[in-house]
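I opened this model to look up how the ligand is held. My notes follow in the order I took them.

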Amino acid sequence: MDQRDESLEPGLYIVATPIGNLGDITLRAIATLRGAEAVACEDTRVTGRLMQHLGLKKRLIRYDDHADEQARDGLLALAAEAAVALVSDAGTPLISDPGYRLVHAARAQGLNVIAIPGPSAVVAGLSISGLPTDRFLFAGFLPQKAKARADVLAELGGVRTSLVFYETAPRLVSALQAIGDALPGRIVAVGRELTKLHEECRTGTTDDLVAHYTAHPPRGEIVLMIGPPVEADAGDLDIDALLVEALMTDKPSQAAAKLARAHGLDRKQLYSRAMELKA
Ligand code: SAM
């Protein structure tokens, strides 16, 4: 078969590939890979297996954003003359994957940059989580260190949207515990091994999920999603009781920030009430 029977304009084609199930590749992605002069990829072995599955033989060029400028310039020079595809190991390139610097430089040079959209774990997870999807904030991987992770949760916890993170199986339980500490009362969803044989999506409180994943240590790939702060009617809450409880372990400023994040309340008002209660 002619490996370049599709004629493509020169440019950089950002091609999404499956996140597990090899059936999840679009017709346009296959046509683009077939028509490309070369395929830039994170790992030539991983992409080599995909190409083999598709019956394609192509020049594979290893690329990540740490590549030196010469390597990037080489790819850009090629993309000025011919179609160059960029893929990552799985899902959509640039989404917690390499490609940002390449796309930035390609656009700065006025090259064609063309999206060939397809799977991405963030959207797949959110679409089955049962959490609100009208607005969401995706923040990549949660930091590994406890302090940095708590800082990120404190920073984003008050944002009135669902939050989405990528996480690894060995860190899932400690991440859930950190979410329970920083954002008490929030509903969380864990999407695991999406599109694969052992796909699951579990939604619940952090306590439920910690109990489940402590008893059944998870494997595989994970998207961790947190529902938005519940817009509580302040009249439904016993704010004094919540503050008194929080003040047993936290300073007034921390107690106020935590309750504000958890219930979508005004932090300053909570802080002055916490100071009164403490006095
Ligand atoms: N570019 C990819 C995308 O568009 O989804 C993400 C790449 S990032 C390096 C890999 C992370 O994505 C994994 O550690 C996991 O958190 C998440 N992920 C990828 N595939 C997944 C799957 N099948 N199920 C759940 N999470 C997945």
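Entry 1, polar contacts. The model is predicted, and I started with the backbone around the ligand. I found a polar backbone atom of Ala121 at 2.8 Å from an oxygen atom of the ligand. I then checked burial. The ligand on its own exposes 580 Å², and the protein buries 91% of that area.

I went on to Thr92. A backbone N or O atom of Thr92 lies 2.9 Å from a ligand oxygen atom. For Ile19, I read 2.9 Å between a backbone N or O atom and a nitrogen atom of the ligand.

Entry 2, the site. Which pocket does the ligand sit in? I found the ligand in the largest pocket.

Entry 3, the shell. I looked up how many residues surround the ligand and got 19. The closest are Asp97, Ser120, Ala121, Tyr166 and Ile222. Ala121 is thus on the list of closest residues and also supplies the 2.8 Å backbone contact.

I sorted the shell by residue class. Nine residues are nonpolar, five are polar and five are charged.

Entry 4, where the shell comes from. Which strands each supply at least two shell residues? I noted β7 (162-168) and β10 (221-226). β10 gives the largest share of the shell, with three residues.

Last, I checked the domains. Domain 1 (11-119) contributes at least three residues to the shell. Domain 2 (122-226) also contributes at least three.

Note on methods: Residues are numbered from 1 along each chain as its sequence is written. This is a predicted model: local features need pLDDT of at least 70, side-chain atom pairs count only at pLDDT 80 or more; totals for chains, interfaces and linings use all residues. Side-chain values use heavy atoms; hydrogens and water are left out. A residue is near a molecule or strand if one of its heavy atoms lies within 4 Å of it. A polar contact is a pair of N or O atoms within 3.5 Å; within protein, one must be able to donate a hydrogen and the other to accept it, and residues adjacent in sequence count only if both atoms are side-chain atoms. Accessible areas come from the Shrake-Rupley method with a 1.4 Å probe; for residues, only the protein chains shown count as cover. On a 1 Å grid over the protein atoms alone, a cavity is a set of points where a 1.4 Å probe fits but cannot get out, and a pocket is an open set with protein on both sides within 12 Å along at least five of seven lines; lining residues have an atom within 4 Å of a point. A molecule sits in a cavity or pocket if more than half of its atoms lie within 2 Å of its grid points. Helices (H or I, at least four residues) and strands (E, at least two) are DSSP runs, numbered from the N terminus. Ala, Val, Leu, Ile, Met, Phe, Trp, Tyr, Cys and Pro count as nonpolar, Asp, Glu, Lys and Arg as charged, and the others, Gly among them, as polar. Domain bounds come from an automatic or database domain assignment.
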